[in-house]
Amino acid sequence: MANSLPASKSGLAIIDQARKKKGWNKDSPIWIDAANKLLQATPNGSVSRSTLQRFWQKQAIRQENFVAICKAVGIENWEEIVDNTPTQQALSYMEFIVYDDAWVGRETLIQQLSASVNSSCHVLLLVGITGIGKTALAERLVEELRGDWREHRDNFEDNNKASDFASVAQQWLEKWGENVPKEERKPEQLLRRLVRRLRENRYLILMDSLEYLLTGNEEEGWGDFADEWWGKFFVSLLAESDCQSRFILASQDLPTKFETAECERYKNLWHCQLLRGLETPEQIALFQKAELDGDLELPHSPLRVIGEVYDGHPLALRTIAGEIKGSYAGKFSAYWKDNSRYIEEVKEAIDEARNQGIVKGDDDRWQLASYTKVLRRKVKERIDKTFERLKNDVYDAYVLLCTASIYRCEVQQSWWLSHLEDEGYNEEQQKDAMQTLRERYLVEDGGIDDEDNRLVGQHNLIRSVALEHLKQLGENDE
């Protein structure tokens, strides 16, 4: 039996009759609870509202979830519900690892991006800092686009997994049923075969943590593919104007290959989307969905303050909401009593920067990413990993990011660069370091001031970690 199963049209008719007898809606919480009770002894089993929705849409879901949904509504012979047609068996659907029922917001963006992928956009890049929601949005888009695609995903964060183009291409082709003779496993042969396969068939491919495929050097810059065949592959793919397949790439860094003249000529066939934090209404929706409704409509309520100081960072806000529900029994007042001083300190600093022009905070000790164990584990460790990668790859940019963390808000770019100048870096090195931070989305452009000076700043979470690394830099210099 397959690991994932879809329901047939006739099978859904049987299910529909059964649920009507029980008086259940198609996504009834009672149904979800009953299915999950049947799955208590199943390690990977879990039914959510989105699982039921995919079930009704005849999309493949995990076998254990499929069985539980059927039995919960009273259908013991679940095999008669399965769609066993050859066409359906040829399709494959990915399981989501991040996107779930707690999702909120970005609805306009979802509609825009899904419409683009359905038309002319062959390669969609989702970029931004860690935890900003790239993978979740990618999965949400897959759900929006789901239909007659054959879905596939790869995550390149695992260092033990082969990531060179030839190995990955061979794995994909063989998984899709092609026999690749040993004498045809050279990169150029695999490239032609893979592009042809993608051109003639409808694949929806999600490539996550793409930054692990990128590398660079001080002379030529950063963000190029470590294996040049990946770059050649995407250029060849874009050259196929009638390609039926689509790619969604999630990356912390910009793959600069897409900015070269080779890809520029196909600019209508690819799109790069920078993700920022959730807007205020989306933050409110997130807290409401977590049943944290403490005066959310008031602009200065504590929950609204949390959303502001975290710049709407989805992972941080969901982590805080989960901690309130788990460790504080859902009592926000108890959480705020324990932790308010950290958040109010940051809010005060932000207000000073905005209203009083106090933009420097040399002695700031923001702990946004680490004031609880849960935040340290789920948020700070991920951001630290980004800092360590930057430190190892481009030390000049790492120094710039840390030394400029004294600024509480957007300031002139020249102020940032002056820190490297003081350290003895020449003008070219300063500009290269700033460009690296831009390509890794570790700086935020704040527009142009009244004197036509470019403004740059840091996300509050990035700054909170950069301040700690700045302290370490100072200790190392002593």
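# Exercises on a predicted model

Helix α6 passes helix α7 in a right-handed crossing. Keep in mind throughout that this is a predicted model. Have the structure open as you work, and try each task before reading on.

## Exercise 1: two helices that cross

Task: Find α6 and α7, and work out which class their crossing angle belongs to: roughly parallel, roughly antiparallel, roughly perpendicular or oblique.

Solution. Start by locating the helices: α6 covers residues 107-118 and α7 covers residues 134-145. Next, look at their axes, which come within 10 Å and cross at roughly 60 degrees. Now set that angle against the cut-offs: under 35 degrees is roughly parallel, and 65 to 115 is roughly perpendicular. The angle therefore makes α6 oblique to α7. To complete the description, add the hand of the crossing, which is right-handed.

## Exercise 2: the parallel sheet

Task: Give the strand order of the open sheet of 5 strands, then name the strands at its edges.

Solution. Trace the sheet from one side to the other, and the order reads β4-β5-β8-β3-β9, with parallel pairing. The ends of that order are β4 (150-155) and β9 (270-274); each has a single partner strand, so one side of each is left without a neighbour in the sheet. For the twist, ignore direction: neighbouring strands of this sheet are turned by 15 degrees against each other on average.

Now zoom in on one edge. Strand β3 (residues 123-127) pairs with β9 in the parallel sense, over 5 bridges. Within that pairing, valine 127 has leucine 274 of β9 as its bridge partner.

## Exercise 3: the antiparallel sheet and its hairpin

Task: Describe the open sheet of 3 strands, and follow the chain through the hairpin formed by β11 and β12.

Solution. Begin with the order, β10-β12-β11, in which the pairing is antiparallel. The edge strands are β10 (411-412) and β11 (444-448), each of which pairs on one side only.

Then take the hairpin. β11 pairs with β12 (residues 454-457) in the antiparallel sense over 3 bridges, and aspartate 445 stands opposite valine 456 in β12. Between β11 and β12 lie 5 residues. One residue in the turn, aspartate 452, has a positive phi of about 65 degrees. Aspartate 450 is also found in the loop between β11 and β12.

Finally, contrast the loop with the strand. Aspartate 450 is exposed because its relative accessible area is 82%, and over 50% counts as exposed. Glycine 457 lies in β12; its relative accessibility is 3%, so glycine 457 counts as buried.

## Exercise 4: positive phi without glycine

Task: Locate aspartate 311 and alanine 329, and decide for each whether it is buried, partly exposed or exposed.

Solution. First recall the background: most residues other than glycine have a negative phi. Aspartate 311 is not a glycine, yet has a positive phi of about 50 degrees. Alanine 329, not a glycine either, has a positive phi of about 55 degrees.

Next, place them. Aspartate 311 lies in the loop between α13 (302-309) and α14 (314-327), while alanine 329 lies in the loop between α14 and α15 (332-356).

Last, classify them. Aspartate 311 has 27% relative accessibility and so counts as partly exposed. Alanine 329 has a relative accessible area of 62% and is therefore exposed.

## Exercise 5: aromatic rings and charges

Task: Classify the ring pair of phenylalanine 165 and tryptophan 230, and find which parts of the chain this pair links.

Solution. Two values are needed, because a ring pair is described by the distance of the centres and the angle of the planes. Here they are 5.2 Å centre to centre and 85 degrees between the planes, which is an edge-to-face pair. Phenylalanine 165 belongs to helix α8 (residues 165-175) and tryptophan 230 to helix α10 (residues 228-239); they are 65 residues apart, and the pair links distant parts of the chain. Both residues are buried.

Then widen the view. The whole structure holds 26 aromatic pairs. Ring pairs join these two residues into a cluster with others, including Trp172, Tyr203 and Phe258.

To finish, look for charges over rings. The charged end of lysine 26 sits over the ring of tryptophan 56, 4.5 Å from its centre. Arginine 389 has its charged end over the ring of tyrosine 212, 5.8 Å from the ring's centre.

Definitions and conventions: Residues numbered from 1 in each chain as written. Predicted model: local features only at pLDDT ≥ 70, side-chain atom pairs only at ≥ 80, totals over all residues. Heavy atoms only, no water. Pairing = 2+ DSSP bridges. Helix = DSSP H or I, 4+ residues; strand = E, 2+ residues; numbered from the N terminus. Phe/Tyr/Trp six-rings, centres within 6.5 Å; stacked < 30°, edge-to-face > 60°. Buried < 20%, exposed > 50% of the residue type's maximum accessible area, 1.4 Å probe, protein only. Lys NZ or Arg CZ within 6 Å of the ring centre and 35° of its normal. Axes fitted to C-alpha atoms, helices over the stretch in contact; angles between N-to-C directions. Parallel < 35°, antiparallel > 145°, perpendicular 65-115°, else oblique. Left-handed = near helix turned anticlockwise from the far one by under 90°.
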